[in-house]
Amino acid sequence: MPRLLPLILTLLVAWIAPQTAAFAAESAASQQPDQQPVVEAIRIEGGGEKSNAILAAIQQEIGAKLDILAVQRSQEWLWKYMRVRVDSVVHEPGEAEDSIVLVFYVTPLPTWRRVRFTGYEEFERHELELWAGLYGQALDTDSVEVVRERLIRNYQEEGFAHVEVIREDGAEDEVVFAVQEGPKVTVEDIEFVGNEAIRGGMWLTPGLDLYEALKNTTGGWLSGKAYSPSRISEDVNALVQLYRDYGYLDVMISSEVEFTGSDRADANITYVITEGPLYRVRSVTVKAADGTTLRFSQTELEALLKLKSGDPYELASVTQDRMLLQRHYSGLGYPSLARVHLRNPRSGVEFLSIGGSRGGFQPDALVDEVEPLVDLVFVIQEGHPRRIRDVLIKGTQRTQDRVVRREIINEPGDWVNEEDSSKSARRLIGLGYFKDENRQPFVNWYLQDFGNSELVDLIFEVKDVGSNNRIRFGGSWNSDNGPALLIDLTKTNFDITDHPSSFGNAFSEIWNGTAYTGAGQSLNLALRPGTIFSSYALSFTEPDLLQEHISRLSLNVVGRKNLRLFSTHDEERSQLGFTLGRRFGRYFTLFAGPELQTVKLDDIEPGAPTDLTDFAGNNHMQTLTMGARYSTVADPFSPVDGGNYSLHLSQTGQFMGGDWDFLKAQVRAAKYFPLWEDSLGRHYVFALSGSARKAWAQGDLTTLPYPEKFYLGGQNSVRGFNFRGIGEDPNGFGVGGDVAWNGSLELRMPMISTRQRGMVEEFEMARWGLFVDAGSFGPSFGNLGSTRVSAGVAVRVRFPALPTAPLSLEFGWPVQSEPGDDTRVFAFTIGNF
């Protein structure tokens, strides 16, 4: 048998080879057009009365060689434009040698070439055609039903929940869609059933609630908007995601819709929620990627994390811990992979990555199959620390490079610090200069890898194509100053040297930002007409006169007119001056500058003191002011720590000239001491503030003029007393002093707060405090009058939708007062004065 095997194989090869060659030759011949048979005739089977039209549509020529592609194109054309289905194409022998007859077996479907709509009122015909997907093609039986369903679906998305579309027969070759639109349905009520962990809320309720989730999803809506079935599905998905973000991994949500009203035009939507158990964290661990060794021990890294065993498994808390790890590494120069533009994908292992074993930003979450518990594992790829080779600015079209650079903390040669880079980006956004074509803020930063194991470039990318003109209308109300309107016109990122191309183009170029733009200056016109106090000001600011970036010299030029209508007299001040300020680092500033003032006193009531009547009319003042400021407060609404300190010295007259000669000194200080945090992370703070002021009459003055004395009482002074209400004389005129002091002790506490999605910390909407105010004035610090003391309660509220218009409510009761004092228990402020 072994000897026969080679012989058998040889015979098989000898037989197969000729057969294969013949098959290849036959296939090659079939591929050659010259060897195709001639089409002698074409016959249509099953076409009926459409046979001639079908035959005319076939692209294969009779008497020509068979063109397979032409036959295929004919089949496609017949179906697309005539709705004729070609079931098969058969080749029958022709009468001549090497000729064939093509036989097309077809099935024509009923078609309509004209479409007519009836009954529609709310939309135009072209809109219905767009919904239906009609662009001139014929319709068959199947596509007619598709068009009907499209019309119904699009009508429902526009709020017509009860629409009906009926197909009717029209004239020959015409199909009619009769539309019965019905009423437009609006959402009248949205209700949540089964929710316990997350409140339902209402459309004006800020913070974390289920309504907020509906409002923030694409297509979400508030009550009163048009009903849409697809939006319900989207919002169900959004609610499910919200619950999962807060640890309810098994949540199930469905929706029910009830139509009410005489015409069923009101939709009441109920979301039925089965929350399931709250999943909690069982453990949080840290490990190195790919078995490498980390620079820090697992104990050191886990000590940075805030999530502990038993805490709810919330996305925001997990993200916070990831950011804590990333911030720790970033502070030591480790660039994170998410912020690096790689020179090639393989270099990604050289940079910091914190997440899961399969990549991404979230740690591995190992869910227990029995208990609602999750084990978290942060996988860390450290990479290598880097220094910054250069800081580059990209994207500026109108803004000078120095304007961007002075807001950037990072410098070439520094270790990479992503926290500083993010702070710099926030400062750039806060300027309001950088917006895209849609007026949306646009500031981005990243690190560029260029193949050096020790260096990267820091890139800040901005867009400044949007206009920097801001017009603000509003109002404010203050117990001391009364109601006032607010008209504020501001040109930010101003450049006083960037003139328009021509006078005729001036307005358009200023408005669209191509003129007077790019140097980081500001020009502001503020008009505040009020019933008691009015102010009108025009100001220009150059924050970096010598282009020194951080420790820079600023220039502020202001022209202002203030008018206050007292019950006893009117006081009008016209001021013009400028101030030079020198910053040293981020917190300390020295400033100085001259000012010209005209003080007009008129409409003086009888019984006025001589220090007022002697100066009735216009009085000219020329003042040189100098001083210093130091501030480390991060959040002016609710300071937790840090402080504000300032010193002012003002010399009026003397070598400056003018009608009055006096010197004023003022010291102000405020310090905030954090006491403790509650279970929600809200701070209890002890605030201590005070000021001391003294003036010296000089030259021919034996006493300070009435408007230049120091007065007490009011919201920013000693609460519980009216504005300048401490020490009024029998005729109602305020009694001031050459010196004055006042101070305040306040315990500030959280009042109302809520969680916002994606945030771990509470958003504080209202804080309240218990305060004690005190103050006194007199001719000298050695001869002060009696000290007035008040105590009370203060409440300050800020609305998320109106962050620049806080509401302040103060209730102060005098504890120690004197006869003649004008007391006031309640005071308030709406907006900023």
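Helices, meaning DSSP runs of H or I with at least four residues, are numbered here from the N terminus, as are the strands. The structure is a predicted model, and the report takes up one helix, one sheet, two backbone conformations and the internal cavities.

**Helix 5 and its surroundings**

Helix 5 covers residues 141–157, and because its 17 residues at 1.5 Å a residue should span 24 Å, the 25 Å between its end C-alpha atoms agrees with expectation. After the helix comes G159, a residue whose phi is positive, near 105°. Within helix 5, the residues S143, V144, V147, L151, I152 and Y155 are buried. The elements against which these buried residues pack are strand 4 (111–112), strand 5 (114–118), helix 4 (125–132), strand 6 (139–140), strand 7 (164–169) and strand 8 (174–180).

**A four-stranded open sheet**

Four strands form an open sheet in the order 13-18-19-17, and their pairing is mixed. Strand 13 (340–341) and strand 17 (387–394) are the edge strands, each of them pairing on one side only. In general, the strands of a sheet pair through backbone hydrogen bonds, in either a parallel or an antiparallel sense. Between strand 13 and strand 18 (residues 443–448) the sense is parallel, with two bridges, and H341 stands opposite Q448 of strand 18. Helix 11 (residues 418–431) packs on this sheet, where it touches both strand 18 and strand 19 (455–462), and the direction of helix 11 makes about 155° with that of strand 18.

**Positive phi outside glycine**

Two residues that are not glycine have a positive phi, N493 near 50° and D603 at about 50°. Their settings are given below.

| Residue | Place | Relative accessibility |
|---|---|---|
| N493 | strand 21 (residues 482–494) | 0% |
| D603 | loop between strand 26 (588–602) and helix 13 (610–613) | 54% |

Since buried means under 20% relative accessible area and exposed means over 50%, N493 at 0% counts as buried, whereas D603 at 54% is exposed.

**Cavities**

A search of the whole structure yields two cavities of 30 Å³ or more, and the largest cavity holds about 40 Å³ of space. Its lining consists of G714, Q715, R719, G720, F721, E810, F811, G812, R824, V825 and A827. Strand 34 (residues 802–816) supplies the largest share of that lining, namely three residues.

Notes. Residues are numbered from 1 along each chain as its sequence is written. This is a predicted model: local features need pLDDT of at least 70, side-chain atom pairs count only at pLDDT 80 or more; totals for chains, interfaces and linings use all residues. Side-chain values use heavy atoms; hydrogens and water are left out. The expected span of a helix is 1.5 Å times one less than its number of residues. Buried means under 20% relative accessible area, exposed over 50%, partly exposed in between (1.4 Å probe, protein chains only). Contact means heavy atoms within 4.5 Å. Two strands pair if DSSP finds at least two bridges between them. Axes are lines fitted to C-alpha atoms, for helices over the stretch in contact, and angles run from 0 to 180 degrees between N-to-C directions. On a 1 Å grid over the protein atoms alone, a cavity is a set of points where a 1.4 Å probe fits but cannot get out, and a pocket is an open set with protein on both sides within 12 Å along at least five of seven lines; lining residues have an atom within 4 Å of a point. Grid points are joined across faces, edges and corners, and a volume is the space filled by probe spheres set on the points.
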